[in-house]
Every structure is written in C-alpha cells, then in structure tokens.
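Me: Please take a close look at one part of this model, the contact between its two chains. I should like to know how the copies are related and what each brings to the contact.

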2 protein chains.
Amino acid sequence: MRTELSTLGEFGLIDRIKLQQAEKQQKSTLKGIGDDCAVIEKSKTEVTLISTDILLEGIHFDLTYTPLLHLGYKAVAVNVSDVAAMNGIPQQITVSIAISNRFSVEAIDELYKGIRLACENYKVDLVGGDTTSSQRGLMISVTVIGTAKKSEVAYRSGAKVNDVICVSGDLGAAYAGLQILEREKEVYSANPEMQPELEGKDYVIKRLLKPEGRTDIVHELKDLGIVPTSMIDISDGLASEILHICNASGVGAYVYEDKLPITHDTEQTLFDFKLDPTTAAMNGGEDYELLFTVSMKDFEKLKNHEDITTIGYITEKAKGVIMISKKGNQYPIKAQGWDHLV
Amino acid sequence: MRTELSTLGEFGLIDRIKLQQAEKQQKSTLKGIGDDCAVIEKSKTEVTLISTDILLEGIHFDLTYTPLLHLGYKAVAVNVSDVAAMNGIPQQITVSIAISNRFSVEAIDELYKGIRLACENYKVDLVGGDTTSSQRGLMISVTVIGTAKKSEVAYRSGAKVNDVICVSGDLGAAYAGLQILEREKEVYSANPEMQPELEGKDYVIKRLLKPEGRTDIVHELKDLGIVPTSMIDISDGLASEILHICNASGVGAYVYEDKLPITHDTEQTLFDFKLDPTTAAMNGGEDYELLFTVSMKDFEKLKNHEDITTIGYITEKAKGVIMISKKGNQYPIKAQGWDHLV
C-alpha cells in the first residue's frame with residue numbers, strides 16, 4: 001500500500017507526525033510541535049525557545065539571483081523571526097550545511113560572511129553545526145535558541161474575542177520582489193547580454209533577499225509593557241497565519257482589506273505584473289513580519305505606532321475567519337501559502 | 001579565484017568557519033564550536049547542551065540496506081550520543097526532514113516510528129522540526145537539547161597527564177557490518193535472485209544499523225561519583241577522537257593495541273574480508289561508544305566494570321599520540337576517519 005505525500009500536504013504531514021509522537025517524557029517540555037518555537041523550562045520564571053528551519057537550493061532559494069551573502073543572512077533572520085514570534089530574544093544559533101563540490105571555499109566564505117552579519121545584527125552567537133558534502137546542491141539547516149520570561153511567552157493559542165489584530169511593517173513586498181527576479185532570470189536565460197531592469201525595485205527585492213526578523217518589535221512591546229495575547233511570524237502569507245492563530249485560539253477574526261499595510265513600491269510592482277496586492281499580502285509569503293493580537297487596553301499604547309498597523313479584531317469562533325473587502329463584502333479566509341509538498 | 005573544498009577537508013572547513021565567527025555576544029554562551037555540544041548557561045549550577053547532525057541519503061546512509069525504521073532510530077541515537085559525550089542527559093530533540101515524492105506516507109511513518117522508539121528509549125521529547133520537499137533523496141537534520149550540572153560537564157579539553165584512557169563497549173563492529181551489507185548489495189545487484197548471507201552476522205549489522213547513544217554510561221559514572229576529565233563520542237574512529245582530546249587538552253597519549261575492545265564477531269567478519277581489526281577500531285567509525293579519561297583515583301572505581309575497557313593513559317604532549325603495537329613498537333596515531341568532503 002502506497003499513499004502519496006501530495007495527498008497530505010505539508011500541514012497534513014505535520015499533523016500525522018504529531019499523532020505518532022510518544023507521550024511526553026520530560027516535565028521541562030512546556031510546548032512541543034505546533035507553535036513557532038518549542039518551549040522548554042529553564043527555571044521557575046524563564047524558558048528556552050528552540051526553532052529550526054531548512055533551506056534547500058531549488059526549493060527555498062535560487063542561486064541564479066540569490067547572492068550567498070544574502071542567503072547566509074536570511075538563513076539566520078528567518079530563524080530569529082521564529083523566536084520573535086514567541087515574544088522571545090534569540091541568543092544562539094547552530095548552522096549545518098551540506099554542500100556539493102560545485103561550491104568553492106570562497107563561496108562558503110560568502111555564505112558565512114552573511115551569517116556573521118546576521119549574528120552581529122541580532123546579537124546571537126554561532127555555537128555549532130554540522131558540515132557535510134552533498135551529491136547535489138546546497139542545503140542549510142539552522143536551529144535558533146532563545147529565551148523569554150515564562151509569563152511573557154506569546155503562543156498562537158491566546159487570542160481572545162475583541163482583541164485587536166496587529167501587523168508589523170508591510171506585506172506582499174517579498175512576493176513582488178520574487179516576480180521581478182524570476183522575470184529577470186527568464187530574460188537573462190533567453191539573452192545573457194541583457195542588463196537587468198531593477199531600477200526603483202530596491203525595496204521589494206531587498207525584502208525578498210534580505211528579510212529581517214522583527215526582534216525590534218519584541219523589544220518595543222517590552223518597553224511599552226505589552227504582552228501580546230497571541231503572536232506568529234508571517235512566513236507563509238497572512239491568510240495562513242491568521243488561520244493558525246484562530247484555530248489554535250478557538251476564535252474567529254475580521255480582517256479589513258483596506259487596512260492591509262502594503263507599500264506604494266509593492267503595489268506598483270504588482271500592478272506591472274497584473275497581480276493583486278491583497279492576494280500578495282494574504283498568500284505571498286516570506287514577509288517575516290509579526291502578526292499579533294493585543295487586548296483593547298494595550299491597544300491604546302500602540303495605536304499611534306508608525307510601524308504597527310491594526311488590521312482587524314478577534315471575534316467568536318462561530319463568525320468564522322473573514323476578510324471584509326474594500327467594497328464591504330465578506331469572504332472566508334483560506335490558506336494557500338507555500339505548499340512545497342504538493 | 002576559486003579554491004576547491006577538497007583542499008580543506010571537513011576539519012579544515014570547520015576551522016575556517018570558526019575563524020570567521022563574530023565575537024561572542026551572549027554571556028550565556030559558555031562553549032561554542034569545537035566540542036560534541038555547545039554549552040549554554042541555564043542557571044548558576046546548570047547548563048543546556050545543544051548538538052546537531054545531518055544525515056543525507058547517498059552520503060550517510062544507503063536505503064538499499066537501511067530500513068527506514070532503523071534510520072529514524074539512528075538519527076536520534078547519534079545525536080543523543082553527542083550529549084552523552086558531554087556527560088549530559090538528553091531531554092528534547094527536533095527533527096527536520098526534506099523528502100522527495102519518491103517517498104510515500106507509509107515510508108515516512110516507518111521513519112517516525114523509529115524516531116519514536118528512540119525517543120521512548122532515551123526519554124527525550126520530539127518538540128519540533130521542519131518538513132519540506134526535496135528534489136531528490138531524503139535528508140534528516142536532528143538537533144538535540146540536553147542538560148548537565150555545570151560542574152559535571154566533560155569537555156574534550158580536560159585530560160591531564162597520567163589520566164587513564166577508557167572506552168565503553170567495543171569498537172570496529174559497525175565497520176565490519178558495513179562490509180557485509182556493501183557485499184550483499186553488490187551480490188544482489190548482480191543477481192537479484194540471490195539470498196543474502198547474513199547468518200551469524202546479527203551483531204555487527206545491528207551495530208551499524210541501530211547504534212546506541214551511551215547515556216547508560218553517563219548514569220553509571222554519576223552513580224559512581226566519577227566526572228571524566230575529558231570525553232568524546234567515537235563517531236569517526238578512535239584515532240580521530242583521541243587526537244581531538246589530545247589536541248584540545250594539550251597532552252599526548254599511549255594507546256595499547258592489545259587493549260582495544262574488539263569482539264570475536266567483529267574480528268571474524270573482518271578476517272573474512274582480509275581487513276585488520278585494529279584499523280577498523282582506529283579508523284572505521286560509527287561506533288558511537290564513549291572515549292573518556294579519568295584520574296587515577298577514579299580509575300579504581302571503574303577497573304572491574306565489564307563494559308568499560310582501559311586502553312592506555314595520557315602523557316606529556318612532547319611524547320606524542322602513540323599506539324603501542326602488540327609487538328611493542330610505537331606508531332604515531334593519525335586521523336583518517338570519514339572525510340566526505342575529500
């Protein structure tokens with residue numbers, strides 16, 4: 001008997017793995033599979049946060065247009081983002097790489113230069129890893145270790161009815177950047193003499209190639225004395241992430257299309273490709289912004305924050321997870337996101 | 001300018017990565033790259049241990065003769081072994097996999113069944129990971145999180161002159177098992193009708209396919225009140241590991257060939273292949289036993305332990321790292337081990 005992986009999809013596979021798990025055996029395990037990080041008890045008041053991500057050539061990145069320096073930076077940033085999504089502070093990372101002999105020592109130096117830049121920027125120490133050869137291509141596996149006060153950990157499951165839904169930064173830009181780089185790759189493969197047309201596209205390209213984990217938001221929330229009731233990072237698109245929060249919290253949500261933070265640059269680029277900015281924000285992915293909910297009381301402290309946008313509020317579960325369109329129509333939000341397994 | 005990776009080798013690449021690292025930024029980082037685990041401060045008296053390993057199809061395992069159940073078990077065991085090598089107790093693991101559509105849901109179930117068995121055996125919780133598709137083959141990346149008292153962590157760097165060198169279990173068996181499975185693979189590819197000749201080879205094959213991390217030895221040492229002065233797990237062969245300890249500790253060593261723990265089964269199998277048991281023990285790899293040093297005082301408590309063998313003692317650095325052959329000749333020990341990068 002053979003069941004194809006494509007019948008499960010990524011989230012289906014994760015659910016299947018969860019079901020097969022052994023009973024919990026360590027009382028220090030506070031939260032296992034199912035959030036941005038695992039949460040392990042460190043002391044009565046503190047926890048250790050752990051998250052891990054794989055980046056595979058040909059699946060997660062294309063070296064035709066991804067400089068190794070940026071790839072190294074991004075590999076760290078996307079893991080740091082998972083710790084930020086728990087309202088924690090990253091402290092250490094391990095980086096494992098598998099490389100084929102296509103790569104030179106100088107290429108690996110570039111990759112680790114990017115890793116080093118990210119380590120300096122996020123104040124994390126590179127403490128270990130594994131190096132091996134691969135038969136083909138480059139694979140990077142990063143694990144991040146972070147810390148948080150036990151009382152300040154923001155799980156996906158804590159959103160409450162009437163909480164305000166907030167997003168940091170802006171959405172859809174990485175997806176817009178991807179369109180440009182994919183187009184230039186095609187142009188280049190048809191005619192290597194062509195110069196790339198990237199003028200004025202710096203922002204959206206940077207958002208794809210060099211995303212940031214929003215630890216700055218975590219520090220700001222701390223300074224304001226705010227603990228989000230729930231939080232997640234936006235790696236697969238807003239639609240997928242709001243559904244994760246609503247499912248884990250047992251609530252519904254209203255999200256207003258006209259509130260989605262989308263920059264002019266992003267909109268302009270998507271317009272050139274005849275793509276819808278809302279779709280890019282909802283399903284584009286790779287933004288690595290934070291999606292979080294706060295109580296009405298805390299919202300007062302945030303409402304004038306220039307890098308945080310309120311996009312809606314939490315409702316009772318029965319109301320569903322709904323997008324209110326610019327015309328005032330209601331649409332159920334469905335996850336599309338990246339599903340490499342299909 | 002292009003320098004080939006093969007000019008560095010694996011250890012050369014690790015050294016280069018270490019040199020490129022940023023300055024340490026977190027005071028909680030007690031030990032970074034360069035031991036079996038990274039060591040992170042947990043409290044005044046306790047530390048968190050972290051290690052990570054990649055297993056790649058075609059490099060680290062051959063699915064022609066490796067059942068996925070065993071592969072899952074082994075992926076956990078070899079990481080657990082790294083925590084044991086620090087004199088620590090493993091508590092959690094994360095498992096990331098990249099899989100091509102060649103694998104069915106049932107195949108992944110088998111892999112996770114093996115992971116589950118190992119989790120139950122070693123009392124560790126599976127707390128996270130990443131799942132993604134690959135263009136080709138199976139890749140497994142495991143990170144283990146363990147704990148130890150700060151005063152009981154055994155680094156590679158603590159061996160002192162006159163310390164006794166000990167090895168748990170026996171050596172060279174996994175290498176013997178590999179010879180058999182590689183032979184049977186060739187026989188099978190020449191004639192698929194042939195039945196495999198595995199009779200009486202259970203032990204050496206099991207040692208290759210289902211190694212164990214020696215957490216039992218860690219518990220026994222604790223019960224005896226012994227903290228090894230240095231420790232490492234034998235993944236690349238005794239030669240490579242004793243050199244790691246001697247280099248890190250700034251000492252030399254005498255190792256006696258006639259003391260190497262090699263079972264009759266291993267010897268017999270290697271004899272059939274006209275291979276030297278000492279070479280298998282020194283350079284075969286994949287034994288996952290513990291190599292450690294203890295003070296003369298502690299050695300008294302260990303000398304009758306039936307699963308621990310004394311193979312030599314630590315000397316001054318100037319004396320070199322030496323094997324005393326059965327005939328009484330001295331040979332400098334050189335690392336050969338696995339070097340996938342060459």
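Reply: The following account takes the symmetry of the pair, then the contact, and lastly a helix packing within chain B.

The model is predicted. Chain B is superposed on chain A by a rotation of 180° with 0.0 Å of shift along its axis, at an RMSD of 0.0 Å. The two copies are thus related as by a two-fold rotation axis. Among the residues of chain B, Lys42(B) comes closest to that axis, with its C-alpha at 3.1 Å.

Chain B gives 70 residues to the contact, and chain A gives 70 residues. On the side of chain B, the elements that supply two or more residues include helix H1 (9–20) and helix H3 (105–122). Strands S2 (38–41), S3 (46–56), S4 (89–99), S5 (125–128), S6 (131–133) and S7 (138–149) of chain B are also among them. By character, the residues on this side divide into 30 polar, 26 nonpolar and 14 charged. Of the interface residues of chain B, 100% are also interface residues in chain A, so the copies meet through the same surface.

Within chain B, helix H4 (residues 173–190) packs on helix H8 (residues 264–272) at an angle of about 40°, with the axes 9 Å apart. That angle makes H4(B) oblique to H8(B), and their crossing is left-handed. H4(B) makes this contact through Ala173(B), Ala176(B), Gln179(B) and Ile180(B), and H8(B) through Thr266(B), Thr269(B) and Leu270(B). The residues of this helix contact comprise four nonpolar, three polar and no charged.

Terms used: Residues numbered from 1 in each chain as written. Chains lettered and ligands numbered in written order. Predicted model: local features only at pLDDT ≥ 70, side-chain atom pairs only at ≥ 80, totals over all residues. Axes fitted to C-alpha atoms, helices over the stretch in contact; angles between N-to-C directions. Helix = DSSP H or I, 4+ residues; strand = E, 2+ residues; numbered from the N terminus. Parallel < 35°, antiparallel > 145°, perpendicular 65-115°, else oblique. Left-handed = near helix turned anticlockwise from the far one by under 90°. Contact = placed C-beta atoms within 7 Å. Nonpolar A, V, L, I, M, F, W, Y, C, P; charged D, E, K, R; others polar. Least-squares fit on C-alpha atoms with pLDDT ≥ 70 in both.
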